[in-house]
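User: Please take a close look at one part of this model. Start with what lies across it, then work outwards.

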Amino acid sequence: MTKLGVTLTMTTRIFGSGIRRREDPRLMTGQANYTDDISLAGMVHAAILRSPHAHAKINSIDTSAAKSAPGVLAVYTGADTEGVLNPIPCAWQPPDSDVKAVDHNALAVDVVRYVGDAVAVVVAESRYQAEDALELITVDYSALPSVVNPKAAMDAGAPQIHADAPNNQAFHWVVAGGDTDAAFAEAASSQNHVVVSDTIIQQRLIPNAVEPRSALANWQSAMGELTLWSTSQNPHIVRFLCSLVTGVGEHKIRVIAVDVGGGFGSKIPMYADEMLAVFCSMQLRRPVKWTATRSEGYLATIHGRDHVEQVEMAATKDGKITGIRATVYAGMGAFLSTAGPGVPTILHGLMYSGPYEIPNIKGDIYGVFTNTTPVDAYRGAGRPEATFLLERMMDLLAVELDIDPVEIRRRNLIQPFENGHDVSTGLTYDSGNYQATLDLALQHVDYPALRKEQADELSEGHYMGIGISTYCEICGLGPSQVAGAVGFGGGLWESAIVRFYATGKVNVYIGTSPHGQGEETTFAQIVADELGVPVDDIEVIHGDTDLTPMGWGTYGSRTTVVGGGAVALSARKIRDKGIALAAHLLEAAEEDIQYEDGKFFVRGSPDQSKTIQDIALMANVAWNMPEGMEPGLEATTFYDPPNFSYPFGAHVAVVSVDADNGHIVLQRYVAVDDCGPQINPVIVEGQVQGGVVQGAGQALWEGVVYDDNGQLLTGSMMDYAVPKAHLLPNIEVLSTVTPSPHNPLGVKGIGETGSIASTVTIYNAVIDALKPLGVTKLEMPLSPQKIWQAIQQAKGA
Amino acid sequence: MAKIPIQVTVNGQSHQAEVEPRMLLVHFIREELGLTGTKIGCDTSQCGACVVSMNGATVKSCTCLAVQADGAEIGTIEGMANGSELHPIQEAFWDNHGLQCGYCTAGMIMTAAELLERNPHPSADEVRAGLAGNICRCTGYQNIVKSILAAAEKMGGHAHNDETGGHAHHDH
């Protein structure tokens, strides 16, 4: 019954097969090692005191009572860490945008700038004792005025958060293509054009990985070596930045993040708290563990989105878009998080063309400091906001011109292309067939029948809505040259080692660091497919910087595209060496050796052959190697992709709204996505389902609420509404396959498409349902209260 | 703080310990017994990562004191498999891609075990309702529901709890 193993690989291609995940047994049985599961001899526990004020001057801190509390080893404040720990860096500073990379000290010195800013750290023998001692620290604050809304923070007279950032402007970045002002001037003066506009609030979200952040730091002073277990999506970046913050040589730091309980972007950044664990371990020469509570994580782990966007779209009256213009205020929080500035700029503004031909595009993106938790990449990171902006405008245009929302999209979609299409933001998309995904989605739902059902429902007083979106996104982050050009403070390549042992078993060492996406399985499938080895004979190793080669991590739907490319190329190098060795062993010319399904044979004489296992044995014992060939069967590849990848798709949502109480039911959700060839379609489907539900969360339930004083009112899972099972339908997942022309596997990435498309698809469906009631605009999340009020207001009007 | 003696049977094994009265059951299980398969996700009873069985019923061990478990039979995820033979619910999660990062999975499986004990043939809607106290951020729940329905099928409605409260054995 098992789908694993030799039988399958001999009969069906393993690439493309939905085999069971190889990481699951340890995860299902309690045998996984997440960071907080690890204990070391002599380990002590850190707890962090956080500011209760959104903005305040620290007059004094009295730690004496805490220092003498039971079990307490030490209490440190900013006075202790300043000058010892370098500031936590911002690693993505888009060029030509006047970025104010203000210092973010691990412990606040003099001023706190958001509720949750770390003020002191206690280390004690037990966590209970550490938390007890926190309550004995007295901090004398003088509260300062604060601001939480990114647009308001730029108003004249707003409280100033950093002396170096006038008007709280963290950066101003512009995307421009064509002549947008001319396009809008023409639209304004022409009878044949229309302009639609809206102010869109992309509410702030909390990523909510179910595993809280955690760090275990073990400084071994005799060796001058640091081991850091960390809940990270990118342990090699943590090593790199930890070296910059602590001054410990990168070669003396080992970061381990094998089992990580979800990230969704929130475990990309370098955080102060992890560096405090390191600092404490170095001071005390004891292993120090820190693990966030959920509420602590809500304050001190990055948030996502938080845009105020003023958007307008110009089009001809027959529905051809002539321009799009946006001014965006992107809340950055009190400090610039590791990748924060890259999100509303490179990952957002550059995608304003989406899947459409839009000749004129201009976006003014302002990054704004506010007295809030820092904002960084959250699933989709900039692209859900870009898709929302475009798809909202498309629907407004459809209403304005009385054209069906499907038809308005069809008139603007880029025609199919296989190898490169330039859009006016300056990007070159890799490949696309946008109409095909739209056709499949409409056919799947029987769109005309669905519209008829909607009309029938309405005639009975029931409000049903249909939402449609077509999208294209940018992911598979690389190439490194572009990363450098857009201000990313690192490379975006990946590396992989494929190592055969004499017994024919294989280890694959990868630099990238999956945490739920299943690459222990899919990367084994790649090697099995390339080399004909049973998948059970392959083990994929990741998440330990001492074991694995360099890699830049798992985010931006890049692990399969870039990391998988490195794995495939290493496997192909092994195959090439296998051909050379087989030729030598079979006494044939290399060009006469043919490879198929794990066998090297002399062309025309299939009985004269060597299996890949024979080759592995002979290469490892090296008794009979050709002249000049090195022993061993192992290959390393550093793969830097020549372009990003651009997955795309079309989604349809069907909702019903109860006009009496504003209650929404998501009746149906259909996702058609194209991520190129699928290594494991079951895993692809799972990524789409999860992503769609996260996006649905933004549309319907989720939203951070700060009060005017910067207090986080949604401070626990009791107050922040994460989607639950009973609120959701089954997501219907379909796909088309358009290979990317530029990477070894033709793959495009699927981790974020769901959340990129689903928020606006559901939003559009709800607005569509409420159209007969005169409701044209709502702010997310679409709570029953808001809907009911909007219906009452529309009735009044 | 004065400690209180307790006796707790976990996965069939009896443990004597002295604990602070404020110690949470989940900390006792994870820190004192070293059974780290039970997770902490939210501290406030929403996420269900900490679900264990106590005397045959699921409890959120982050919202229960260790002293309240005095004399109790506790079942955790470590007690679900029979040696290398996975429990049918675990097998179903594996077959149906019912987990991604795996962090919520122990709680999901422990919850599913009780759910199927009470209702051996649940509908999809009943499974979804039964997961109201468990949060998964990765899967969108769809494959978790599918896994639990598949487990119900496999177990053929013969689920029953044994003395440890965590094992729902079945006839093959």
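Analyst: Helix α10 of chain A, residues 383-401, lies across β8, β13 and β14 of chain A. The helix runs at about 145° to β8(A). Helices (H or I, at least four residues) and strands (E, at least two) are DSSP runs numbered from the N terminus. Axes are lines fitted to C-alpha atoms, for helices over the stretch in contact; angles run from 0 to 180 degrees between N-to-C directions.

This is a predicted model, in which local features need pLDDT of at least 70 and side-chain atom pairs 80 or more, while totals for chains, interfaces and linings use all residues. Residues count from 1 along each chain as its sequence is written, and chains are lettered from A and ligands numbered from 1 in the order written.

Now the sheet itself. Its five strands form an open sheet with mixed pairing, in the order β7-β15-β14-β13-β8 of chain A. Strands pair if DSSP finds at least two bridges between them. At the edges sit β7 (169-177) and β8 (193-205) of chain A, each paired on one side only. On average, neighbouring strands are turned by 10° against each other, direction ignored.

Inside the sheet, β14 (321-333) and β15 (361-369) of chain A run parallel. Nine bridges join them. One bridge pair is A:V328 with A:I365 of β15(A).

A second helix packs on this sheet: α6 of chain A, residues 180-189. Helix α6 touches β7, β8, β13 (304-316), β14 and β15 of chain A. Its direction makes about 120° with that of β14(A). Contact means C-beta atoms, placed from the backbone, within 7 Å.

Just outside the sheet, the loop between β6 (138-143) and β7 of chain A holds A:N167. Its phi is positive, about 60°, although A:N167 is not a glycine. A:N167 counts as partly exposed because it has 14 C-beta neighbours inside 10 Å. The cut-offs for C-beta atoms, placed from the backbone, within 10 Å are 20 or more others for buried and 12 or fewer for exposed, with partly exposed in between.

A:R285 also has a positive phi without being glycine, near 55°. That residue is in the loop between α8 (272-284) and β12 (288-291) of chain A. A:R285 has 13 C-beta neighbours inside 10 Å, so it too is partly exposed.

Chain A also has cis peptide bonds. One runs from A:G478 to A:P479, with omega near 0°. A:P479 is in the loop between β18 (463-472) and α14 (480-485) of chain A. Another joins A:M780 and A:P781, with omega about -5°. A:P781 lies between α19 (753-770) and α20 (784-796) of chain A, in the loop.

Elsewhere in chain A, consider A:V122. Setting aside neighbours within four places in sequence, A:V122 contacts A:A46, A:A47, A:A66, A:V72, A:V75, A:A130, A:A133 and A:L134.

Finally, the partner chain. Here 42 residues of chain B contact 39 residues of chain A. On the chain B side, α2 (88-95), α3 (105-118), α4 (124-130) and α5 (142-155) each give two or more residues. The largest share, four residues, comes from α2(B).

Definitions and conventions: Contact = placed C-beta atoms within 7 Å.
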